[in-house]
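Work through the exercises below with the sequence and the model at hand. Each task is followed by a solution in steps.

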Amino acid sequence: MAEAAESGEARTAWARRGILGAVLGSAAMAGIARAQPGRSGVPAGIVGAFDNLFQGPHPARRAVHATGLLCTGSFHPHPEAPRLSRAPHLAGEAVPVLVRFSNFAAAPGLPDGDPAASPRGMAIKFLLPGEQETDIVAHSYDGFPAATPEAFLAFLRAVPDPAALQGLAAASPAVRAFLDDPKPAPASYATEAYFGVNAFRFSNAAGEARFGRYRILPQAGPQHLTPGQAAARPADYLTTELRGRLSQGKAGFRLLVQLAEPGDDTQDGSRAWPAERPLVELGTLSLEALAAPADAARQDLRFVPTSLVAGIAPSGDPMLLARTQAYQISAERRAAQ
């Protein structure tokens, strides 16, 4: 009964909010835009490049990470989290969350076990008191193929042309690593680790600030499939598996922040920081149920990396603005279809 009540609370909290909100007009967003003029055409180009890759646009579907699974649950902050940030969801009581897992390629009918379905996505929306929201957007690869929106657009445009892609990889260590690093299919969405590759500035009540990147680690431990095992699974095995898992109990994740040290680049998400950098526990995510079909089908649902609250501010990473603008283009297109 308690689990059902918590899941219902998450759905009710969501229903009270306008998901489109005023995120894109926030002070944090405006600050990034002022610092990076002249980029407005690149996000549209990124969406168009994804359409080209996946033979889109497809009606009522995202340009990328289109195949997804929405869950309800709760976030329980760690007692030490306020030492890093004064953000409201990191202190006090548990708050309801929406969590969306997804596959990378937006090609309709792509099996969960297909290599193009990796990296996987995990997006979290914290539903806070006072009609506030804040989001985390992460994926299952610790890094990114490009440091800037322009470089990412060039990467996407090169992908359909093997010769152009290999030429780009020869000139870019980030592209080379992204193409070569293993990205095995997870046994479950709940047994994958996820990384927020963009840095944020976390500040506490005393005014102390540190830059960090999110890490989301499964409490069940990472579990992956071999290529043969993944190919043998049903096309929607990840949905079926998570539905069965949640029918038997909750699925948990640890939410952490990897702290930057002097010399770590906080504006380049293509560079993973050394593994020995300290980690701060923010709390635990408890997934309790799949969202109702009507909730999962809402076309106004978006997860925005610049949807922030006091105590968490954007870094100077130029991909933050480009991602937000690209998500806006994709979301408005879905809502209009």
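Buried means under 20% relative accessible area, exposed means over 50%, and partly exposed lies in between. The model is predicted.

**Exercise 1.** State how confident the predictor is in the chain, and what the model shows for residues 1-39.

Solution.
- Step 1: The mean pLDDT of the chain is 88, and 88% of the residues reach 70 or more.
- Step 2: Residues 1-39 have a pLDDT below 50. In the model this stretch has 73 contacts beyond near neighbours in sequence.

**Exercise 2.** Place Asp51 in the fold and decide whether Asp51 is buried or exposed.

Solution.
- Step 1: Helix α3 spans residues 41-53, and Asp51 lies in this helix.
- Step 2: The relative accessible area of Asp51 is 11%. Asp51 is buried because the cut-off is under 20%.
- Step 3: Leaving out residues up to four places away in sequence, Asp51 touches Gly56, Pro57, Ala63 and Arg333.
- Step 4: Ala107 is 56 residues from Asp51 along the chain, and 9.4 Å separates their C-alpha atoms.

**Exercise 3.** Classify the aromatic pair of Phe54 and Phe104, then assess the burial of each residue.

Solution.
- Step 1: The whole structure holds 15 aromatic pairs.
- Step 2: Phe54 and Phe104 form one that is edge-to-face, with 5.9 Å centre to centre and 80° between the planes.
- Step 3: The pair links distant parts of the chain, 50 residues apart. Phe54 is in the loop between α3 and β1 (68-77), while Phe104 is in the loop between β2 (95-102) and β3 (121-128).
- Step 4: Phe54 has a relative accessible area of 9% and is therefore buried. Phe104, at 22%, counts as partly exposed.

**Exercise 4.** Do the analysis for Phe101 and Tyr189.

Solution.
- Step 1: The rings of Phe101 and Tyr189 are 5.2 Å apart centre to centre, with 10° between the planes, and the pair is stacked.
- Step 2: Phe101 is in strand β2, and Tyr189 is in the loop between α6 (173-180) and β5 (194-195). The two residues are 88 positions apart in a pair that links distant parts of the chain.
- Step 3: Phe101 and Tyr189 are both buried.

**Exercise 5.** Which residues do ring pairs link into a cluster with Phe54, and which ring does the charged end of Lys183 sit over?

Solution.
- Step 1: The cluster consists of Phe50, Phe54, Phe104, Tyr141, Phe144, Phe152, Phe155 and Phe178.
- Step 2: The charged end of Lys183 sits over the ring of Phe178, 4.5 Å from its centre.
- Step 3: Lys125 has its charged end over the ring of Phe303, 5.3 Å from the ring centre.

Methods: Residues numbered from 1 in each chain as written. Predicted model: local features only at pLDDT ≥ 70, side-chain atom pairs only at ≥ 80, totals over all residues. Heavy atoms only, no water. Helix = DSSP H or I, 4+ residues; strand = E, 2+ residues; numbered from the N terminus. Buried < 20%, exposed > 50% of the residue type's maximum accessible area, 1.4 Å probe, protein only. Contact = heavy atoms within 4.5 Å. pLDDT = per-residue confidence, 0-100. Phe/Tyr/Trp six-rings, centres within 6.5 Å; stacked < 30°, edge-to-face > 60°. Lys NZ or Arg CZ within 6 Å of the ring centre and 35° of its normal.
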